[in-house]
Amino acid sequence: MKLVEREEQLTWLDTLLADTASGHGCVALLDGAVTCGKTEALHAWGERATRSGALFLHASCHRAESAVPLGALHQLLDSTLLPDTLTEKASALLGDGSALAATTAGNPSAETRLGLVLNGLCQLLLELSLSAPVVIGVDTVRHADQVSLDFLLRLVRRLRKGRVLLVLTDDTGLLPAHPQLHAELLRQHYAHRIRLAPLSLTGVRSLLEQHLDAASAEALAPAFHTVSGGNPLLTRVLAEDHLESGKPRAQGFGLTYLSCLHRGEPVMLQVARALAVLGDGAAAGDLGQLLGIDSDLVSRTLRALSDARLLDGAAFRHPLAQGAVLDDLPAQEHAELHRRAARLLHDQGAAAVRVARHLVAADHAQTPWAVGVLLEAAEHALLDDSYESAAQCLSLAHRSSTDDAERASIRSRLAHAEWQYSPSAAGRHLAPLTAAGRAGLLDQSQSIDLVRRLLWLGRKEEAGDVLDRLRRPSGDPRMEEEAALRDTERWLAYAHPPLARRRQMPVIPSQRGTLVTPRTEPQLQATALLSDGLVHGKSTSLVDRAEQVLREQRLGGTTSWSEEAAFAALQILTQAEKLDLAAGWCDRLLQDAGSRSAGTSRALYSGVRAHIALRQGDLPTAVRHGQAALTYLAHQSWGVAVGLPLGTLVLAATRMGDYEDAAKYLTRAAPEAAYESHYGIHYLHARGHYRLATNHVHAALADFLACGELVRRWGLDNAGLVPWRTSVAEAWLHLGNQDQARQLLHEQLGRAGSDRSRMRALALRLLATTVPPRRRPQLLTEALDLFEASGDRYEQARVLSELSRAYYAAGDKQRARMLFRHALYSADKCGAKPVAQELMAVSDPAGARPGAPTDQSDGVATLTDSERRVASLAVMGYTNREIADRLYVTASTVEQHLTRVYRKLNVRRRKDLPVELWADVSKTA
């Protein structure tokens with residue numbers, strides 16, 4: 001492999017070799033930062049010297065062999081084939097030298113004789129140079145053994161007497177390991193210092209071109225130069241990592257970076273480890289305190305590491321480098337460094353978050369101040385939505401605290417933090433918290449939070465015990481405590497009705513609505529208000545309050561009741577049939593939850609978003625969000641709430657005709673406790689419709705009747721959780737019992753209020769099947785208007801289908817044809833394959849079936865408002881005279897408008913008008 005940006009240094013060595021060949025021996029010190037390519041340059045030039053006729057003797061010194069006497073000398077004389085006579089002589093001298101080196105300590109005579117041996121070896125090399133120039137290369141001379149160093153010093157003084165070129169490599173940045181050798185070299189006029197610098201940007205690009213194509217090398221060079229700093233070894237491994245995976249790898253770049261540190265002086269690795277623990281930008285004094293060494297030595301070491309491009313000042317050049325250093329730390333040393341770092345930062349008054357990070361890494365909080373620091377850091381982490389970091393701090397604080405009341409409070413907060421990403425993991429805290437509550441170690445707020453978590457996970461008996469304790473009269477209850485308990489009861493009445501208290505709660509003064517104290521939980525108050533509105537069917541009057549809650553949810557951060565308040569607000573908007581508004585808010589909440597990595601919130605909002613899409617008749621979107629909801633949170637973490645996404649998926653798949661998928665969703669059964677919450681009602685209702693669609697009518701009827709029994713028993717009949725009456729009626733109609741069906745439908749029509757247009761529309765659609773044919777168009781038309789107002793496109797498709805058949809039976813084939821086309825278009829658009837298949841299966845002698853759809857969106861965009869109004873009514877099948885009467889214009893004007901519409905859309909007749917224009921019908925009113 002060709003060396004990059006090293007030709008100048010190699011040429012200089014060529015010149016020195018030429019001088020040596022002419023009888024002027026000299027010495028060269030090839031120096032540079034750690035791993036800057038000195039070894040590679042030495043061996044590359046050694047091969048050039050050998051090709052020119054020189055004899056190349058070389059040795060590589062290692063720290064581990066520095067205690068072996070004559071180790072480097074043995075390598076030199078064994079590195080190439082010498083004449084036999086010289087080989088025998090060298091072997092004898094080396095043998096004598098090794099024996100003497102073992103006895104020199106405190107033995108002047110042995111030292112003298114060892115000196116004679118070393119002189120003899122010098123003379124031997126000088127004799128060898130008579131036949132050919134001799135090049136002696138010693139790599140990393142700072143790690144040579146002491147006897148070999150003594151030999152090199154003697155040789156340096158004799159070089160001018162022979163044709164010997166001595167080339168040494170050493171690292172710069174730190175003080176020389178052997179100052180005497182460096183001093184002797186630098187004072188000789190025939191000594192030369194040749195420096196190797198890191199690669200420039202151009203050099204990095206040239207090196208990359210040896211591994212990558214020219215275009216890639218050009219594009220990647222700046223980033224690779226930043227990461228490697230021009231260190232040739234790191235640049236090369238970055239190129240290899242790029243070819244392997246497209247990015248730096250821990251097994252490539254990370255391990256190579258570590259090897260660079262290990263090849264330097266031990267203090268380099270120590271300082272790098274301390275910096276990795278304290279973080280980029282740490283001061284030399286702090287690093288010195290952490291390591292217990294002089295700050296001047298730390299400063300020199302940082303400079304040396306920066307010169308080697310292993311650091312950029314006092315910062316790592318890439319996170320993988322810091323990670324590799326931390327991973328290389330032995331466990332005990334890792335913990336000790338973090339423990340010292342925590343102490344150091346605390347003594348300096350650093351922020352709790354910084355100190356806590358080290359306490360957690362050390363898994364140590366046995367100092368008096370540690371628990372307080374961890375709790376403060378946890379609160380900061382919760383405010384920053386760093387839930388796992390908060391949980392780590394709280395977990396260590398809990399293990400380290402010795403006060404029972406404090407431990408119970410910490411565990412409650414820990415359960416809250418873990419709940420944000422894994423309710424099932426947080427569930428392990430609930431039993432100890434229940435026990436702490438029995439011991440009187442939890443306050444009311446913590447107990448109420450505990451009730452909510454227990455009920456989510458289906459542990460109703462434990463939740464009932466906690467509620468019983470909360471409901472017991474205390475000697476002198478505070479007003480906010482009574483209010484909080486009342487709010488809890490109002491929430492229970494909607495979310496978990498069997499546990500709600502049925503008797504009248506204590507009367508709260510009229511200023512209750514404005515009562516706010518430091519102990520007040522605003523999100524609980526909001527949840528109670530909205531839940532009460534849901535229970536009593538008063539969603540329309542609470543739409544503004546629901547939006548206010550959703551705004552506060554986005555701006556105010558996460559509290560224990562945030563998800564419940566947001567869920568209730570979205571349910572209010574859905575119940576009030578503000579579906580587009582609800583979908584928009586839900587999308588924003590989903591985006592916020594994704595940015596906060598809040599898995600529980602993200603899953604819940606995805607489940608609600610799926611439910612909203614189902615109500616809109618957007619079946620593919622309902623399936624997409626429902627599946628996402630079950631992905632964001634494990635099944636066991638969903639608890640009883642799994643009934644919402646599962647029910648939505650079952651019903652959406654059933655309406656799309658994907659019965660196998662619906663059956664698979666039903667295998668993931670909701671827990672038994674779900675049927676004692678509103679979540680289970682959605683699942684039960686969806687299962688009934690799947691059974692109805694697959695001709696298990698009696699089983700479906702049982703599910704629908706069970707829904708009705710539950711909501712009536714709970715007092716939630718006004719809440720509109722599911723349209724159970726119309727579902728029961730539909731099942732009765734499948735069984736041919738029109739009387740039972742008609743009775744339920746009239747009961748539903750008598751109950752429906754102004755905010756239940758969808759419920760009324762469902763009843764009207766089914767009632768139309770029980771009346772004489774001449775009355776059906778009137779009922780179905782009203783149902784269609786109501787479904788359009790509520791935004792349910794799936795039910796619109798069903799009504800359009802039935803309305804088409806009703807008009808066809810009445811002899812209005814033109815109107816039937818138009819309705820047929822729109823019904824088929826609507827069914828296809830919302831993915832309702834069974835509705836589309838039913839339409840296509842109907843005999844249509846009038847030729848109502850459409851041909852292949854064409855894209856006329858560009859033409860539609862050119863229509864004026866008045867043209868769109870006329871065209872939309874024409875799509876519905878109105879005659880010119882009927883359109884004129886509705887729009888208060890003349891029939892001639894209508895005809896002129898239609899002529900222009902036909903021309904712009906390139907069609908010849910009404911039946912070819914795009915059914916998309918039906919969406920503009922509301923504008924004609």
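**Notes on a predicted protein chain**

1. Let's start with how far to trust what you see. This is a predicted model, and its protein chain has an average pLDDT of 88, with 92% of the residues scoring at least 70. The highest confidence falls in helix α33 (residues 643-656), at a mean of 97, and the lowest in helix α44 (residues 857-861), at 67.

2. Two stretches deserve a careful eye. The pLDDT is below 50 over residues 845-854, a stretch with 16 contacts in the model beyond near neighbours in sequence. Residues 921-925 also stay under 50, and the model gives them 8 contacts beyond four places in sequence.

3. Now look at the build of the chain: you will find 47 helices and 5 strands. Is the chain compact or spread out? Its radius of gyration is 42 Å, well over the 29 Å that the globule rule gives for 925 residues, so the chain is more spread out than a compact globule. Along the principal axes, the C-alpha atoms fill a box of roughly 130 × 85 × 45 Å.

4. What share of the 925 residues is buried? In this chain, buried residues make up 55%. Among contacts with a separation of 6 or more, 69% come from residues 24 or more positions apart.

5. Finally, turn to the surface and the charges. The protein chain exposes about 39,300 Å², and carbon and sulfur atoms supply 50% of that area. As for charged side chains, there are 104 positive and 105 negative ones, and the centres of these two sets lie 6 Å apart.

How values were computed: Residues numbered from 1 in each chain as written. Predicted model: local features only at pLDDT ≥ 70, side-chain atom pairs only at ≥ 80, totals over all residues. Heavy atoms only, no water. Helix = DSSP H or I, 4+ residues; strand = E, 2+ residues; numbered from the N terminus. Rg over C-alpha atoms; globule rule 2.2 N^0.38 Å. Buried < 20%, exposed > 50% of the residue type's maximum accessible area, 1.4 Å probe, protein only. Contact = heavy atoms within 4.5 Å. Areas by Shrake-Rupley, 256 points an atom, 1.4 Å probe, with all protein chains shown as cover. Lys, Arg positive; Asp, Glu negative; His and termini not counted. Charge placed at Lys NZ, Arg CZ, Asp CG, Glu CD. pLDDT = per-residue confidence, 0-100.
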